[in-house]
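User: Hello! I would like to learn how to read a few features of a protein model, step by step. Could you walk me through one?

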Amino acid sequence: MDIRLGNGFDVHRFEAGDHVILCGVTIPHDKGLQGHSDADVGMHALTDAIYGALARGDIGQHFPPSDPQWKGAASDIFLRHAVALAAEMGFRVNNADVTLICEKPKIGPHAEAMRARLGQIMGMEVDRLSVKATTSETLGFTGRGEGIAALATATLVPL
């Protein structure tokens with residue numbers, strides 16, 4: 001059986017704002033995330049994990065930040081594209097795991113809503129999707145509260 005595994009990693013810095021969007025869920029926060037699109041670091045990492053499993057590059061190759069049509073775009077566009085590309089290539093996402101790395105905002109209270117939103121976007125059962133968080137113990141840029149990082153893994157299996 002042709003089982004594919006991909007990893008994705010993304011980082012966005014904080015900027016002025018009153019919320020962040022993580023895995024498709026808007027969370028009130030005293031800062032926003034800077035990015036060409038909506039800066040959903042979790043969804044970007046997951047999208048890259050799927051592209052990686054397919055050996056089809058990364059999000060920037062499919063949706064170049066230099067292209068103004070993607071300015072402020074909702075990241076579900078990118079994730080839907082990756083899932084559709086997988087189907088075109090004869091695969092489906094079997095399971096996915098996203099880890100958000102930040103000191104704030106707290107992710108736990110929103111993790112189930114994030115799983116539900118990702119499941120809706122990807123057409124997957126929630127029990128095949130994991131969203132969790134960790135801190136970096138106040139070390140590095142995430143520990144200093146300068147931004148959020150995300151790591152994601154996706155497993156693809158033939159349709």
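**Reading backbone, bridges and helix contacts**

Analyst: Let us start with one residue: with a relative accessibility of 0%, Ala39 counts as buried. Please keep in mind that this is a predicted model.

User: Where does Ala39 sit in the chain, and what is the sign of its phi?

Analyst: Ala39 belongs to the loop between strand S4 (32-33) and H1. Its phi is positive, near 65°, and the residue is not a glycine.

User: Which loop holds Thr138, and is Thr138 buried or exposed?

Analyst: Thr138 is placed in the loop between S6 and helix H5 (140-143). Thr138 also has a positive phi, about 65°, without being a glycine. To classify a residue, take its relative accessible area and ask whether it is under 20% or over 50%. Thr138 has a value of 56%, so it is exposed.

User: What kind of peptide bond joins Lys104 and Pro105?

Analyst: Here the angle to read is omega. Between Lys104 and Pro105 omega is about 0°, and the bond is cis. As for its place, Pro105 is in the loop between S5 and H4.

User: Let us turn to side chains. How many salt bridges does the structure hold?

Analyst: There are 5 salt bridges in the structure. The test is a distance: a side-chain nitrogen of Lys or Arg has to be within 4 Å of a carboxyl oxygen of Asp or Glu. One of them pairs Arg80 with Asp76, at 3.1 Å from N to O.

User: How many residues apart are Arg80 and Asp76 in helix H3?

Analyst: They are 4 residues apart in helix H3 (residues 76-88), which means a separation of about one helical turn. Then look at each partner: Asp76 is buried, its relative accessible area being 17%, whereas Arg80 is partly exposed at 37%.

User: Which residue meets Arg115 in a salt bridge?

Analyst: Arg115 meets Glu112, with 2.8 Å from N to O. Both lie in helix H4 (residues 111-122), and because they are 3 residues apart, about one helical turn separates them. Arg115 counts as buried at 17% relative accessibility, while Glu112 counts as exposed at 51%.

User: And which residue forms a salt bridge with Asp97?

Analyst: That partner is Lys132, and the closest N and O atoms are 2.6 Å apart. Asp97 is in strand S5 (residues 91-101) and Lys132 in strand S6 (residues 129-134), so this salt bridge ties together parts 35 residues apart in sequence. Asp97 is partly exposed, with 25% relative accessibility. Lys132, with a relative accessible area of 34%, is partly exposed too.

User: Now for helix packing. At what angle do the axes of H1 and H4 cross?

Analyst: Read the angle together with the distance between axes. Helix H1 (residues 41-54) and H4 have axes that come within 13 Å and cross at roughly 40°. That angle makes H1 oblique to H4. The handedness is a separate reading: the crossing of H1 and H4 is right-handed.

User: Which residues of H1 and H4 make the contact?

Analyst: From H1 the contact uses Met43, Leu46 and Ile50, and from H4 it uses Leu118, Ile121 and Met122.

User: How many nonpolar, polar and charged residues has the contact of H1 with H4?

Analyst: Sorted by class, the contact of H1 with H4 has 6 nonpolar residues, no polar ones and no charged ones.

Key: Residues are numbered from 1 along each chain as its sequence is written. This is a predicted model: local features need pLDDT of at least 70, side-chain atom pairs count only at pLDDT 80 or more; totals for chains, interfaces and linings use all residues. Side-chain values use heavy atoms; hydrogens and water are left out. Helices (H or I, at least four residues) and strands (E, at least two) are DSSP runs, numbered from the N terminus. Buried means under 20% relative accessible area, exposed over 50%, partly exposed in between (1.4 Å probe, protein chains only). Axes are lines fitted to C-alpha atoms, for helices over the stretch in contact, and angles run from 0 to 180 degrees between N-to-C directions. Angles under 35 degrees count as roughly parallel, over 145 as roughly antiparallel, 65 to 115 as roughly perpendicular and the rest as oblique. A crossing is left-handed if the near helix is turned anticlockwise from the far one by less than a right angle, and right-handed if clockwise. Contact means heavy atoms within 4.5 Å. Ala, Val, Leu, Ile, Met, Phe, Trp, Tyr, Cys and Pro count as nonpolar, Asp, Glu, Lys and Arg as charged, and the others, Gly among them, as polar.
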